[in-house]
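Student: Hi! I have a new structure to look at and would like to talk it through. Could you show it to me?

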Amino acid sequence: MITVLIATYNGAKTLPAVLEAYRKLDPPGEEWTLVVIDNGSNDNTREVLTNFLPCLPLIILFEPRRGKNVALNKGLSHIAEGLTVFSDDDAIPHPNWLKELKLAAD
């Protein structure tokens, strides 16, 4: 299992392109999940994330205490055994990104 962790704060402007890129990833050869932690956003981040639930292996968490590390720590409690990678809410992954990370980790 591969788990990707992303913390976001008011990411409604950048998340649609990022999540669309995750939707188009080449399958990494094993199960994967995307855990996004909304770090107390006050824009429509939650709505943007919810719109991608039907097309991504997405887990949405909410952490009201501000701070990227606080948010990521909440996400760490939801990872599965296997490879865990961190990314950002404005980083567009290359289509073979997870495949390459898995290959390097193996």
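Student: Which salt bridge do the side chains of aspartate 88 and lysine 68 form, and what is the N to O distance?

Tutor: Aspartate 88 and lysine 68 meet through their side chains in a salt bridge of 2.5 Å, N to O. The term covers a side-chain nitrogen of Lys or Arg within 4 Å of a carboxyl oxygen of Asp or Glu. Aspartate 88 sits in strand S4 (residues 83-88) and lysine 68 in helix H3 (residues 68-76), so the pair ties together parts that are 20 residues apart in sequence. Helices (H or I, at least four residues) and strands (E, at least two) are DSSP runs, numbered from the N terminus.

Student: Before we go on, what kind of model is this?

Tutor: This is a predicted model, in which local features need pLDDT of at least 70, side-chain atom pairs count only at pLDDT 80 or more, and totals for chains, interfaces and linings use all residues. Residues are numbered from 1 along each chain as its sequence is written, and side-chain values use heavy atoms, with hydrogens and water left out.

Student: Okay. Is aspartate 88 buried or exposed?

Tutor: In between: aspartate 88 counts as partly exposed because its relative accessibility is 32%. Lysine 68, at 42%, also counts as partly exposed. The cut-offs are under 20% relative accessible area for buried, over 50% for exposed, and partly exposed in between (1.4 Å probe, protein chains only).

Student: How many salt bridges are there by this rule?

Tutor: The count comes to 6 salt bridges. One of them joins lysine 24 to glutamate 20, with the closest N and O atoms 3.8 Å apart. Lysine 24 is exposed at 53% relative accessibility, while glutamate 20 is partly exposed at 24%. Glu20, Arg23 and Lys24 are linked in a network of salt bridges. Another pair is aspartate 106 with lysine 102, whose closest N and O atoms are 2.7 Å apart.

Student: Why do such side chains pair?

Tutor: Side chains with opposite charge can pair when their charged atoms come close.

Student: Let's change topic. How many helices and strands does the chain have?

Tutor: The chain has 4 helices and 4 strands. Along the sequence they follow the pattern β-α-β-α-β-α-β-α.

Student: In what order do the strands line up in the sheet?

Tutor: The order is S3-S2-S1-S4, in an open sheet with parallel pairing. Strand S3 (58-62) and S4 are at the edges with a single partner strand each, so one side of each has no neighbour in the sheet. From one strand to the next, the twist averages 20 degrees. Two strands count as paired if DSSP finds at least two bridges between them.

Student: How many bridges pair S1 and S2?

Tutor: Strand S1 (residues 2-8) and strand S2 (residues 32-38) pair over 7 bridges, in the parallel sense. Valine 4 stands opposite leucine 34 in S2.

Student: And where does H3 go?

Tutor: H3 lies across S1, S2, S3 and S4, running at about 150 degrees to S1. Axes here are lines fitted to C-alpha atoms, for helices over the stretch in contact, and angles run from 0 to 180 degrees between N-to-C directions. Contact means heavy atoms within 4.5 Å.

Student: What about the inside? Which residues have the most contacts in the largest nonpolar core?

Tutor: They are Val4, Leu19, Tyr22, Trp32, Leu34 and Leu56, in a core of 20 residues. A nonpolar core is a set of buried Ala, Val, Leu, Ile, Met, Phe, Trp, Tyr and Cys residues joined through side-chain atoms within 4.5 Å. The elements giving two or more residues to this core are S1, helix H1 (15-23), S2, helix H2 (45-51) and S3. H1 gives the most, with 4 residues. A second, separate core of 7 residues includes Ala7, Val35, Ile37 and Leu72.

Student: One last spot: where does proline 93 lie?

Tutor: Proline 93 is in the loop between S4 and helix H4 (97-105). At 10% relative accessibility, proline 93 counts as buried. Leaving out residues up to four places away in sequence, proline 93 touches Val18, Ala21, Tyr22 and Leu25. The C-alpha atoms of proline 93 and alanine 21 are separated by 6.2 Å, although the two residues are 72 residues apart along the chain.
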